[in-house]
Amino acid sequence: MISTLVNSLLPLTILLSLMLIIRQPLRKSTDANTVYNLWLVIPLSLILYFLPVPWQYLNELAAIESQSSLMQQYLVTPSQNINQQLSLDSLLGLWVSSTWILGFIVLISYWGLTQYNYRKALKLVLLMDSQYQQQLNESGASTLAIAQSSHIHSPILIGLFKQILVIPEDFDTLYNSEQQQLIISHETCHFTQYHMWTNQLALMLLALFWFNPLAWRAYAAFRQDQEHSCDQVVLTRKHTQSRIQYCKALVLAAETSPPNAFTLLSFKQNGEQHFMFNRIEQIKQMSKGLSAKSTMTKVLKLSLVTLVSSSLLAGVSYAGHQLHQDGGAKKTRHKK
């Protein structure tokens with residue numbers, strides 16, 4: 001397991017660095033949805049990196065057959081120095097493995113405990129007949145349960161197998177009617193696009209590579225791009241007045257809401273006020289971009305993004321194939 005993580009560090013670091021560099025310029029030239037979907041390249045690349053390609057077995061078989069006639073037996077007597085070196089390597093490997101496992105367990109336990117305590121503190125009251133149920137039904141989220149809590153000031157989405165939309169008790173007084181509908185639409189977007197499950201995958205990758213600082217930065221950027229994507233989905237066909245109301249709701253949420261648990265989906269993302277204002281700025285750019293971009297320009301830019309994604313996946317797959325091939329050659333040499 002440790003060797004697998006070590007071998008994947010280089011391609012992962014390259015992909016994360018590239019994604020962090022291009023995400024903001026790409027969002028300005030295309031749209032937030034495209035940038036968010038581009039994050040899918042990361043897990044797909046890791047899978048392709050270690051996934052054996054069909055011709056790999058043919059190459060290994062050919063190499064074994066070509067060397068079978070040349071194989072000879074050697075008697076090797078290890079010296080004391082070699083034995084000592086092997087012992088040191090084993091101790092070092094044991095220490096690295098133990099440290100990684102400890103970090104992985106601590107993170108998973110901490111996130112699970114934080115989620116459990118936060119949900120327990122909410123003291124949810126399920127709403128069987130909510131005024132927002134019709135909006136959920138029209139948005140394709142009829143199975144989403146609605147609850148109320150006096151311990152939050154902005155709606156949040158919790159749960160995994162049974163997801164619940166939690167709204168504050170003073171939701172009607174904090175936000176006007178249009179703002180309420182826009183906020184509910186934002187949380188519904190998270191639900192219908194399975195963001196809770198996507199975030200679990202991202203958290204698992206983060207726990208696996210907890211020792212890589214770039215993974216933490218990438219996770220934060222991924223969650224931000226997710227919020228930008230939902231903002232775009234909600235406001236794509238809205239008029240200017242609705243966009244203004246949406247921005248006012250963001251400001252109000254930033255001023256009144258305390259920080260949320262690390263793993264939750266909230267209209268206010270992780271309590272970061274500067275990011276809330278960044279979302280407002282992005283909404284302004286979004287309204288300008290929608291009127292300025294032609295259909296042909298969008299198609300060309302999306303084609304470019306697709307080409308870049310395909311090139312990255314193909315490059316990573318080839319690198320992984322070379323890794324498997326080198327590993328197979330080493331095993332063949334060791335058997336001689």
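Which residues lie nearest the centre of the largest pocket? Trp39, Pro43, Ala202, Leu205 and Phe222 do, and the legends below start from there. The model is predicted.

**Figure 1. The whole chain, for orientation.** The protein chain holds 13 helices and five strands. It has 336 residues, and buried residues make up 39% of them. Its accessible surface comes to about 18,900 Å². Carbon and sulfur atoms own 63% of that surface. Take the contacts in the chain with a separation of 6 or more: 70% of them join residues 24 or more positions apart.

**Figure 2. The largest pocket and its lining.** The pocket holds about 400 Å³ of space. Its lining counts 19 residues. Helices H1 (2–29), H2 (32–38), H3 (41–50), H9 (195–208) and H10 (213–235) each give two or more residues to this lining. H9 gives the most, with five. By class, 17 lining residues are nonpolar and two are polar. No charged residue lines the pocket. Rolling a probe the size of a water molecule over the atoms shows where empty space is left.

**Figure 3. Helix H9, alone.** H9 has 14 residues. At 1.5 Å a residue, H9 should span 20 Å. Its end C-alpha atoms are 20 Å apart, so the expected span and the model agree. Eight names mark the buried positions of H9: His195, Met196, Asn199, Ala202, Leu203, Leu206, Ala207 and Leu208. Ala202 thus appears twice in these legends, as a buried residue of H9 and as one of the residues nearest the pocket centre. An α-helix has 3.6 residues a turn, so residues three or four places apart point the same way.

**Figure 4. Tyr194, in the loop before H9.** Tyr194 lies in the loop between helix H8 (177–192) and H9. Its phi is near 55 degrees. That is a positive value in a residue other than glycine. Is Tyr194 buried or exposed? Its relative accessibility is 55%, so Tyr194 counts as exposed.

**Figure 5. Lys123, in the loop after H5.** Lys123 is found between helix H5 (80–122) and strand E1 (125–126), in a loop. Phi of Lys123 is near 50 degrees, again positive in a residue other than glycine. Relative accessibility reaches 61% here, so Lys123 counts as exposed.

**Figure 6. Ser149, in strand E2.** Strand E2 covers residues 145–149, and Ser149 belongs to it. Why does Ser149 count as buried? Because its relative accessible area is 1%, and buried means under 20%. Leu124 sits 25 residues away along the chain, yet the two C-alpha atoms are separated by 5.3 Å. Set aside neighbours within four places in sequence, and Ser149 is in contact with Leu122, Leu124, Val166, Ile167, Pro168 and Glu169.

**Figure 7. Ala145, also in strand E2.** Ala145 is found in strand E2. It counts as buried because its relative accessibility is 18%, with the cut-off at under 20%. Ala145 and Leu126 are 19 residues apart in sequence. In space, their C-alpha atoms are 7.7 Å apart. Which residues does Ala145 contact, leaving aside neighbours within four places in sequence? They are Lys162, Gln163, Ile164 and Leu165.

**Figure 8. Arg27, in helix H1.** The place of Arg27 is in helix H1, one of the helices that give two or more residues to the pocket lining. Arg27 has 6% relative accessibility, so it counts as buried. Neighbours within four places in sequence aside, its contacts are Ala32, Val35, Asp225, His228 and Gln282. How many residues separate Arg27 and Met286 in sequence? The number is 259, while their C-alpha atoms are 9.4 Å apart in space.

Technical notes:
Residues numbered from 1 in each chain as written. Predicted model: local features only at pLDDT ≥ 70, side-chain atom pairs only at ≥ 80, totals over all residues. Heavy atoms only, no water. 1 Å grid on protein atoms, 1.4 Å probe; cavity = no way out; pocket = protein on both sides within 12 Å on 5 of 7 lines; lining within 4 Å. Points joined across faces, edges and corners; volume = space filled by probe spheres on them. Helix = DSSP H or I, 4+ residues; strand = E, 2+ residues; numbered from the N terminus. Nonpolar A, V, L, I, M, F, W, Y, C, P; charged D, E, K, R; others polar. Buried < 20%, exposed > 50% of the residue type's maximum accessible area, 1.4 Å probe, protein only. Contact = heavy atoms within 4.5 Å. Areas by Shrake-Rupley, 256 points an atom, 1.4 Å probe, with all protein chains shown as cover. Expected span 1.5 Å × (residues − 1).
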